[in-house]
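Here is a short report on one protein chain. It covers the annotated domain, the core, some helices and a few single residues.

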Amino acid sequence: MAQHRSDCTILANGVKMPWLGLGVWKAEDGAEVEQAVRSALHAGYRSIDTAAIYGNEVGVGKAIQNSEIPREEIFLTTKVWNAEQGFESTLAAFEESRKKLDVEIIDLYLVHWPVRGKYKETWKALEKLYKEGWVRAIGVSNFQVHHLQDLIEDSEWKPMVNQVEFHPYLIQKELRDYCQQQQIQLEAWSPLMQGKVVEEPTIVQLAEKYGKTPAQIVIRWDLQHGVVTIPKSIKEHRIKENADVFDFELTTQDMELLDSLNRNQRFGPDPDNFNF
């Protein structure tokens, strides 16, 4: 289990991926995202998660280039957007992301959503990029069990990561179990329920019990479940705080208590019914 903010999980292909990363969804390109990435790297984060649709790849790239941390020590994720899905268009989108990020190789490239009729072709493009060494690992985002089964059926490689909405109101047990069986690393987006963790009495009580913030309780819960976590923030103190989760452990009882909050509630779109 993760004991330090630079600790890594090992993906099915042997690549190391940090358990904790910074998500930059909604961070504005330019000064805002650059400052957030800088703060995170300074606080010991070694993983940054962006996406083409976030419109901030340029800023993320700049912050990485300008940091004193060697590029090979930073795990960088980006994603192909829905409108670009398909074989050739994905290859072009990847090239575009690579230029904006100003990097030679991307550590993890994800299919952002399971666009019906498109994601298999998109995956073939990711396999090609992986085979040619442009990406160190490939995966998907927002895929349910049936999407994964469908994809794996005629793929050369299984996704190495599946990044999904995951928090105490949406514990996705079936998906988590399936990913574990298939050696697909689960990763949580919106782990803090878009800020709603501070409104859940059970989480607040546990925060008081452990002398931690509600956000730290939930991030710790993720890590103890073996789920990679990328809380997003643009505030330096919050970025530091979110990483301060390696000096305590939740009891089995408290883990179960958090699991029992599940109500299959999404704050983001449903992967089976999205239209973008």
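## Domain and model

Over residues 20–262, the chain is 42% helix and 15% strand. The C-alpha atoms at the two ends of this stretch are 23 Å apart. The model is predicted. An unreviewed UniProt entry places the feature "domain: NADP-dependent oxidoreductase" at residues 20–262.

## Nonpolar cores

The largest nonpolar core has 87 residues. Within this core, Leu 22, Val 24, Val 37, Ile 48 and Val 60 touch the most other members. Leu 22 shows how such a residue is surrounded. Leaving aside neighbours within four places in sequence, Leu 22 is in contact with Ala 36, Val 37, Ala 40, Tyr 45, Ser 47, Ile 48 and Asp 49. From further along the chain, Leu 22 also contacts Ile 230, Pro 231, Ser 233 and Ile 239.

A second core is separate and has 5 residues. Among them are Trp 113, Val 115, Trp 189 and Phe 274.

## Helix H5

Which residues of helix H5 are buried? In this helix, residues 145–153, they are Val 145, His 147, Leu 148, Leu 151 and Ile 152. Seen down the axis of H5, the buried residues fall within an arc of 160 degrees, so they line one face of the helix.

That face has both helices and strands as partners. The buried residues of H5 pack against helix H4 (119–131) and helix H6 (173–181). They also pack against strand E7 (135–141) and strand E8 (161–165).

## Helices H7, H8 and H10

Helix H10 spans residues 252–259. Its buried residues are Asp 254, Met 255, Leu 258 and Asp 259. They cover an arc of only 145 degrees around the axis, which puts them on the same side of H10. The face turned away from that buried side carries the exposed residues Thr 252, Gln 253 and Glu 256. The buried residues of H10 pack against helix H7 (201–210) and helix H8 (214–224).

H7 and H8 also meet each other. Ile 203, Val 204, Leu 206, Ala 207 and Tyr 210 in H7 meet Pro 214, Ile 217 and Val 218 in H8. How do the axes of H7 and H8 cross? They come within 8 Å and cross at roughly 95 degrees. Angles of 65 to 115 degrees count as roughly perpendicular. H7 and H8 are therefore roughly perpendicular to each other.

## His 112

The UniProt annotation "binding site", from an unreviewed entry, covers His 112. This residue lies in the loop between strand E6 (106–111) and H4. Is His 112 buried or exposed? The cut-off for buried is under 20% relative accessible area. At 7% relative accessibility, His 112 counts as buried.

Leaving aside neighbours within four places in sequence, His 112 is in contact with Ala 51, Ile 53, Tyr 54, Lys 79, Val 80, Trp 81, Asn 82, Ser 141 and Asn 142.

## Val 227 and Arg 98

Val 227 lies in the loop between H8 and strand E10 (228–229). Val 227 is buried, with a relative accessible area of 0%. Beyond four places in sequence, its contacts include Trp 19, Phe 166, Arg 176 and Leu 186. The C-alpha atoms of Val 227 and Gly 21 are separated by 12 Å, although these residues are 206 residues apart along the chain.

Arg 98 lies in helix H3 (residues 87–101). Arg 98 is buried too, with a relative accessible area of 13%. Not counting residues up to four places away in sequence, Arg 98 touches Val 103, Glu 104, Ile 106 and Trp 134.

Technical notes. Residues are numbered from 1 along each chain as its sequence is written. This is a predicted model: local features need pLDDT of at least 70, side-chain atom pairs count only at pLDDT 80 or more; totals for chains, interfaces and linings use all residues. Side-chain values use heavy atoms; hydrogens and water are left out. Buried means under 20% relative accessible area, exposed over 50%, partly exposed in between (1.4 Å probe, protein chains only). Helices (H or I, at least four residues) and strands (E, at least two) are DSSP runs, numbered from the N terminus. The arc is that of the directions from the helix axis to the C-beta atoms. Contact means heavy atoms within 4.5 Å. A nonpolar core is a set of buried Ala, Val, Leu, Ile, Met, Phe, Trp, Tyr and Cys residues joined through side-chain atoms within 4.5 Å. UniProt positions are given in the numbering used here, feature names are shortened, and annotations may be inferred rather than shown by experiment. Axes are lines fitted to C-alpha atoms, for helices over the stretch in contact, and angles run from 0 to 180 degrees between N-to-C directions. Angles under 35 degrees count as roughly parallel, over 145 as roughly antiparallel, 65 to 115 as roughly perpendicular and the rest as oblique.
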